[in-house]
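Open your viewer, load the model and keep the selection box handy. We'll go stop by stop: what to select, and what to look for once it lights up.

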Amino acid sequence: MEKKWYANGDEIVAFWHSINPYLHQTDFRKMFYDHLAMTKAEAVYMLQHDYQSSIDVFERIELESLQMADLLSTIIIQQFPSVF
């Protein structure tokens, strides 16, 4: 099941790269894989009733999600500078 999860991540990265040439696939894939690993860790912590660790990793997920949003915003602006 986890292989399918990462394969789906690969498809998302490939899609973004196909519609925006400013996206560096390798860097975004690493960011995406880190996101998936942290999400899995958060779920495991919750199942283990380790709520403090779950909160800690959620805070890292939130920070990385904001970084992903910044990256995607940046490449969209690069691709369509006249719109911004």
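First, a word you'll need throughout: a residue is buried if its relative accessible area is under 20%, exposed if over 50%, and partly exposed in between, using a 1.4 Å probe and protein chains only. Helices here are DSSP runs of H or I with at least four residues, numbered from the N terminus.

Before you click, note that this is a predicted model: local features need pLDDT of at least 70 and side-chain atom pairs count only at pLDDT 80 or more, while totals for chains, interfaces and linings use all residues. Numbering starts from 1 along each chain as its sequence is written, and side-chain values use heavy atoms, with hydrogens and water left out.

**Stop 1: helix α3**

Select residues 51-79. That's α3, with 29 residues and 41 Å from its first C-alpha to its last, close to the 42 Å expected at 1.5 Å a residue. (The expected span is 1.5 Å times one less than the number of residues.)

Now show side chains for Ser53, Ser54, Val57, Ile61, Glu64, Met68, Leu72 and Ile75: these are the buried residues of α3. Which helices do they pack against? Color α1 and α2, since those are the partners of the buried α3 residues. Contact, here and below, means heavy atoms within 4.5 Å. As for the spacing you see along a helix, an α-helix has 3.6 residues a turn, so residues three or four places apart point the same way.

While you're on α3, click Phe58, which lies in this helix. Phe58 is partly exposed, at 40% relative accessible area. Draw a distance from its C-alpha to that of Met38: the two are 20 residues apart along the chain, and the separation is 7.8 Å.

**Stop 2: helix α2**

Next, select residues 25-47, which make up α2. Its 23 residues should span 33 Å at 1.5 Å a residue, and the end C-alpha atoms are indeed 33 Å apart. Show Phe28, Met31, Phe32, His35, Leu36 and Met38, which are buried in α2. This set packs against α1 and α3.

Zoom in on His35 of α2. Buried or exposed? His35 counts as buried, at 18% relative accessibility. Setting aside neighbours within four places in sequence, you'll find His35 in contact with Ile61, Glu64, Ser65 and Met68. Then step past the end of the helix to His49, which follows α2 and has a positive phi, near 60°.

**Stop 3: where α1 meets α2**

Select residues 2-19 for α1 and keep α2 on screen. The two axes come within 10 Å and cross at roughly 145°. (Axes are lines fitted to C-alpha atoms, for helices over the stretch in contact, and angles run from 0 to 180 degrees between N-to-C directions.) From α1 the contact includes Trp5, Tyr6, Ile12, Val13 and Trp16, and from α2 it includes Phe28, Phe32, Tyr33 and Leu36. By class, the contact has eleven nonpolar, four polar and four charged residues. For those classes, Ala, Val, Leu, Ile, Met, Phe, Trp, Tyr, Cys and Pro are nonpolar, Asp, Glu, Lys and Arg are charged, and the others, Gly among them, are polar.

**Stop 4: the salt bridges**

How many salt bridges does a search of the whole structure find? There are three. To count, a side-chain nitrogen of Lys or Arg must be within 4 Å of a carboxyl oxygen of Asp or Glu.

- Select Lys40 and Glu2: the closest N and O atoms are 2.8 Å apart. This pair links distant parts of the chain, with Lys40 in α2 and Glu2 in α1, 38 residues apart. Lys40 is partly exposed at 37%, and so is Glu2 at 36%.
- Select Arg29 and Asp10: their side chains meet at 3.2 Å, N to O. Arg29 lies in α2 and Asp10 in α1, so the pair ties together parts 19 residues apart in sequence.
- Select Asp34 and Lys30: the closest N and O atoms are 2.9 Å apart. Both sit in α2, four residues apart, or about one helical turn. Asp34 is partly exposed at 32%, whereas Lys30 counts as exposed at 53%.

**Last stop: Pro21**

Finish in the loop between α1 and α2, where you'll find Pro21. Pro21 counts as exposed, at 61% relative accessibility. Add Gln79 to the selection: 58 residues separate the two along the chain, and their C-alpha atoms are 7.8 Å apart.

Technical notes: Helices (H or I, at least four residues) and strands (E, at least two) are DSSP runs, numbered from the N terminus.
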